[in-house]
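Student: Please take one part of this model and go through it closely. I would like the pairing of the strands, and then whatever else helps to place it.

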Amino acid sequence: MLHKKLNILLLVLFIGFSLFSFGNEMKEHHTLSGFITDSDNGESLPGATVFVTDLQRGTATNNYGFYSVTLSPGTYSIRYSFIGYSDTTLQVYLKADTTINIELAPFAEKLDEVEITGEAVNENITSSQMSVNTITSQTIKEIPALMGEVDLIKALQLLPGVKFVAEGSSGFSVRGSSPDQNLVQLDEATVYNAGHLMGFFSVFNNDAVKSVQLYKGDLPAQYGGRIASLVDIRMKEGNQKKFHGKGGIGIIASRLMLEGPIWKDKASFMVAGRRTYADLFLKLSSDENFKNSALYFYDVNAKVNLNINQNNHVFLSGYFGKDVFKGGEQFKMDWGNATGTVRWNHIFNEKMFSNFSFVASRFNYNIGVPEGNIQSFLWESSLTDYDLKANFTWFANANNTIKFGVSGIYHDFFPGVFEGLGEEATYGKYEIENNYSLESAIYLSNEQKIGSLLTIKYGLRFSIFNNIGPQTVFIYDSVGAVIDSTVYDSRNIYNTYYGIEPRLGINFRINEISSVKASYSRNYQYIQQAQNSTAGSPLNIWFSASPNIKPQVGNQIALGYFRNFKEGMFETSAEVYYKYIEDAIDFRDHADLLLNKHLEGELLIGKGYGYGIEFLVKKTRGKFTGWASYTYSRTFHDIPGINNNEPYPAPYDRPHDFGIIVNYNVSKTISLGLNWVYLTGQPVTFPVGRYEYGNNIIPVYSERNSYRLPDYHRLDLSFTWTEKTKPEKRWHSEINFSIYNVYNRKNPWVINFLNDPNQPNVTYAEMIYLFGIVPSVTYNFRF
């Protein structure tokens, strides 16, 4: 009942506030609008500030660098600014709607007092959005990296409230959530598996990335489908001014990115690729098994940006990546992602901006033993999405920015087929039928300024989920056994869920350098993942809501205090949150998840809840930059049928999380990097006894997640030497030395309990760890 009352309250607020605001805007006004771009490469500058000095108010550009501000007729001093760029101030006589495009020039050198952070000064104070973090590719590059491979996801894992799920993994938990509750998008396309080499490296090539934003629960109304977080990754658009390239050669991989104009100031391209090459050295082995083995990944990013005219921009972007593991002639496995995005920005007028998108995304894996072996087989699985979106932004007046739109995603789940190969195959064919569904949504939101100190962001998202035939739906009893089934014909919509998802955010500015923010959001998640380990695996199965499985519903409320010091050099914040999950899912003890036609029978439904507090201190400029963070949080599940019907810690409940990330520019050619992390050990279920049954020893397990692995901590260091820049020289290079896990901490990856072969009645624990000290060196270049 509470969320229904909140929905009604938000609707009343939306209508009431908007009518009040529009009622005070009846006199004549004109609109100043345009794009803000980088003068060096022509790329848009999202988040750049347009400040009306005379009125002491302003706005910021959207994700495509577009701005719009409505003012009374008159002469104004307009300051255009962006951190890391020189300001531009214009005197504008506004007597009609006016378009002014601005190019801002980046600072020529990396100055001691300036760092490009990708957001406006005091943006963390003035923005109505909370629980959000922005990271640029430059910041990611400065963090010490595992084996020299700069990693976007591992940079996110160092932020408050974000924890890696296992040593070296690209999976991450946000505020105690499971990894499948995070929506990861690359140019609006969903990436379902973000890891290479079983998760040790992420699929995102930092050279191709322009910006990354992480929303920890307070999702904008245009996004949905996950209950924990959104990671919005944008690729570079391509240099419209001149040809440019960059790359690197490391101990396990090399990469290259090229960009340049197709038609100067009108069209550009960007293409980036990388590949590991450890497998190439296997060819030198005298052992035939090693010589015929392979273990590598590769990926390609590409983008084309076309400015048709002032009002029409088109973007084409795509990603393709694949991992291959081959064990001689005995075994082969590969998996990968592919995405494609077509976007059309259209400006209807000075106040109305739109973006239309068609997006395709696919993840698949194949496992098998090649033909010629009596045990030859092939196991295939995939998930494919097709997505249409239309998003609109109406800059109604100086106090109201209204966003609205629609979206629809068609999901095609292919859970898997297992089939023997060859005439003498041992195995038959086992197939799980495809699952089809349609996920649609419509949304409306408004960001409203009330006076100079108060901003309210409120909106509603209405989502609908349809299961579509053909499909056989099984009916289960209380222990998960099949008791009946129903068969539905092709294209028959046999089940529907819908959800009303309110969004509310309040920002009260105490003064220019401090503010208090609060937010509430409700999100529906209609698809989820069956995971057979907390470390993550490409074999994890995605499945949808159905007549047997209700969508998970996440409710989160947060309150934060934000304060800056020394003209924005130091940013500090403290946020508290509480989240409650309806229809949370978990699996029965000893559940069978892989290639199981009756996977839904392994599920149990209940609730989840969590709470926490996050502290962040960030230094944005000077010789020393970086941040320190501390998070205390707890997350629990309460699911009938598990843990004797008592609440238990969720798999990613890790109460204490502390991190320090520092970059020190010793000079213009030398910089040092450091990060240190500490986390409470992950909860686990251990055997606490055993008994004999016949000739077998049967373990007796503890309560669910009642034990913990040892606490995790690690120190990483890096040293970077950059060649001195000379105006006449086109080729520039740097060398990076990194040491991962400097003091050789043996952090546990898994603990196994084994029977002593010499003493059958004795069981001992064996800890497996992945990494000791890992040094690396990488040569980077640009031209």
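Tutor: What follows starts with one strand and its partners, then turns to other parts. The model is predicted.

Start with strand 39, residues 624-638. Of its 15 residues, 11 are buried, so strand 39 is largely enclosed by the rest of the structure.

Now its partners. Strand 38 covers residues 603-619 and pairs with strand 39 in the antiparallel sense, over 13 bridges. Look for V617 to see the register: A628 in strand 39 stands opposite. These two strands form a hairpin, with four residues between them. G622 sits in that turn and has a positive phi of about 110 degrees.

Strand 41 is another partner, at residues 656-665. Strand 41 and strand 39 run antiparallel and are joined by nine bridges. Here T625 stands opposite N663 in strand 41. Strand 40 is a short entry to check, residues 648-649. Two bridges join strand 40 to strand 39, again antiparallel. H637 has Y648 of strand 40 as its bridge partner.

Next, strand 2, residues 49-52. T49 and F51 point one way, while V50 and V52 point the other way. All four are buried. Strand 3, residues 57-60, pairs with strand 2 in the antiparallel sense over four bridges. V50 stands opposite T59 of strand 3. This pair also makes a hairpin with four residues between the strands, and Q56 takes a positive phi near 55 degrees. Strand 5, residues 74-81, also pairs with strand 2, antiparallel, over four bridges. On that side T49 stands opposite S81.

Then the surface. A nonpolar patch is formed by I262, W263, V304, L316, V342, F358, Y386, L388 and Y410. Together they have about 870 Å² of accessible area. Strand 19 (253-263) and strand 25 (377-397) each supply at least two of the patch residues. V304 lies in strand 21, residues 294-309. Its relative accessibility is 33%, so V304 counts as partly exposed.

Last, the empty space inside. A search of the whole structure finds seven cavities of 30 Å³ or more. The largest cavity holds about 390 Å³ of space. It is lined by 27 residues, and the closest to its centre are G171, P179, Y192, N193 and A194.

Methods. Residues are numbered from 1 along each chain as its sequence is written. This is a predicted model: local features need pLDDT of at least 70, side-chain atom pairs count only at pLDDT 80 or more; totals for chains, interfaces and linings use all residues. Side-chain values use heavy atoms; hydrogens and water are left out. Patches are made of residues with over 30% relative accessible area and no salt bridge: like charges are joined within 9 Å, nonpolar side chains (Val, Leu, Ile, Met, Phe, Trp, Tyr) within 5 Å. Accessible areas come from the Shrake-Rupley method with a 1.4 Å probe; for residues, only the protein chains shown count as cover. A salt bridge is a side-chain nitrogen of Lys or Arg within 4 Å of a carboxyl oxygen of Asp or Glu. Buried means under 20% relative accessible area, exposed over 50%, partly exposed in between (1.4 Å probe, protein chains only). Two strands pair if DSSP finds at least two bridges between them. On a 1 Å grid over the protein atoms alone, a cavity is a set of points where a 1.4 Å probe fits but cannot get out, and a pocket is an open set with protein on both sides within 12 Å along at least five of seven lines; lining residues have an atom within 4 Å of a point. Grid points are joined across faces, edges and corners, and a volume is the space filled by probe spheres set on the points.
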